[in-house]
Amino acid sequence: MRAQRYRIFGIVLSCDFPLPELPPAAAGEVVLSIALAGDAAPALDGFERVHEWAGPGAQAACWCERRGGDYLFVFPGFVRYLVGENDHILCLPEPGCDLSTLRHLLLNQVVPRALGTRGRLIVHASAVILPGSGRAVAFLG
C-alpha cells in the first residue's frame with residue numbers, strides 16, 4: 001500500500017496504513033514516517049529496559065527499551081513499536097492485534113513520545129463537564 005500523508009501536532013507524517021483519526025495533509029515536509037513491519041522484522045536484541053508503566057497488581061502494562069538512539073515501546077500481547085533515530089516508526093503487531101488497537105496506541109502513546117524525544121513540545125489535555133452547572137474543567141499537561 002502506498003504511504004498516505006496526515007497532519008498531527010503541527011507536523012506531517014506518512015503512514016503505509018490508513019489513519020482515519022487524522023486529517024490528511026496535502027502539503028508539507030514529512031517529519032515522521034510509519035510502517036508495518038511485515039514478514040521481515042528487524043533484530044531487536046541489545047535493547048535495555050529504561051522505563052515501565054505498572055498496570056493492575058503492579059505488573060508492567062507496557063515499557064520502553066533503548067538501544068543507542070532507538071527506542072522500543074512494548075505493549076505486551078498487542079504490539080511493539082520500534083522508534084528509530086531516523087524519524088521512522090516500525091509497527092510490529094502481535095498475532096490477533098486489531099488495527100484499531102494498533103492505531104490507538106500509536107497515536108495516543110508512541111507518536112507523542114517519539115516527537116517529545118526530538119525536542120518537540122507535545123501537550124496532552126482532558127476535560128470533564130460539571131453536572132448541572134453547564135461548565136467544564138480542562139486539564140492540560
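**Exercise 1. Set out the order of the secondary-structure elements in the protein chain, starting from the N terminus.**

Solution. From the N terminus, the elements of this predicted model follow the order β-β-β-β-β-β-β-β-α-β-β, where helices (H or I, at least four residues) and strands (E, at least two) are DSSP runs numbered from the N terminus. The count is one helix and 10 strands. Because the model is predicted, local features need pLDDT of at least 70 and side-chain atom pairs count only at pLDDT 80 or more, while totals for chains, interfaces and linings use all residues. Residues are numbered from 1 along each chain as its sequence is written, and side-chain values use heavy atoms, with hydrogens and water left out.

**Exercise 2. Determine the strand order of the open sheet and say which strands stand at its edges.**

Solution. Begin with the order: eight strands form an open sheet, arranged 1-2-3-8-7-6-5-4, and their pairing is mixed; two strands pair if DSSP finds at least two bridges between them. Next come the edges, where strand 1 and strand 4 each have a single partner strand, so one side of each is left without a neighbour in the sheet. The mean turn between neighbouring strands of this sheet is 20°, direction ignored; axes are lines fitted to C-alpha atoms, for helices over the stretch in contact, and angles run from 0 to 180 degrees between N-to-C directions. Finally, helix 1 packs on the sheet and touches strand 1, strand 2, strand 3, strand 4, strand 6, strand 7 and strand 8, a contact being heavy atoms within 4.5 Å. The direction of helix 1 makes about 30° with that of strand 7.

**Exercise 3. Describe the surroundings of strand 2: its partners on either side and the burial of its residues.**

Solution. Strands of a sheet pair through backbone hydrogen bonds, either parallel or antiparallel. Strand 2 pairs with strand 1 in the antiparallel sense over five bridges, and in this pairing Y6 has L13 as its bridge partner. With strand 3 (residues 30-36), strand 2 pairs in the parallel sense over four bridges; here C15 is partnered by I34, and S14 stands opposite S33. For burial, five of the five residues of strand 2 are buried, which is to say under 20% relative accessible area, with exposed meaning over 50% and partly exposed in between (1.4 Å probe, protein chains only). In a regular strand the side chains alternate between the two faces of the sheet. In strand 2, I11, L13 and C15 point one way and V12 and S14 the other way, and all are buried.

**Exercise 4. Locate the positive phi values of F9 and D87, and state how accessible each residue is.**

Solution. Most residues other than glycine have a negative phi. F9, which is not a glycine, has a positive phi of about 50° and lies in the loop between strand 1 (4-8) and strand 2 (11-15). Those two strands form a hairpin with two residues between them, and F9 is in its turn. With a relative accessible area of 38%, F9 is partly exposed. D87 likewise has a positive phi, near 60°, and sits in the loop between strand 7 (79-84) and strand 8 (88-93). Its relative accessibility of 29% makes D87 partly exposed.

**Exercise 5. Follow the chain through strands 4, 5 and 6, giving the pairing and the turn at each step.**

Solution. Strand 4 (residues 48-54) and strand 5 (residues 60-67) are antiparallel, paired over six bridges, among them the one between A54 and A60. Five residues lie between the strands of this hairpin, where G57 takes a positive phi near 75°. Strand 5 then runs antiparallel to strand 6 (residues 70-75), to which five bridges join it, and R66 stands opposite Y71. This second hairpin has two residues between its strands, and G68 in the turn has a positive phi of about 65°.

**Exercise 6. Is L115 buried or exposed, and how many Å separate L115 from V128?**

Solution. L115 belongs to helix 1 (residues 99-116) and is buried, with a relative accessible area of 2%. L115 and V128 are 13 residues apart in sequence, while their C-alpha atoms are 27 Å apart in space. For the whole protein chain, buried residues make up 33% of the 141 residues, and the C-alpha atoms fill a box of roughly 55 × 45 × 30 Å along the principal axes.
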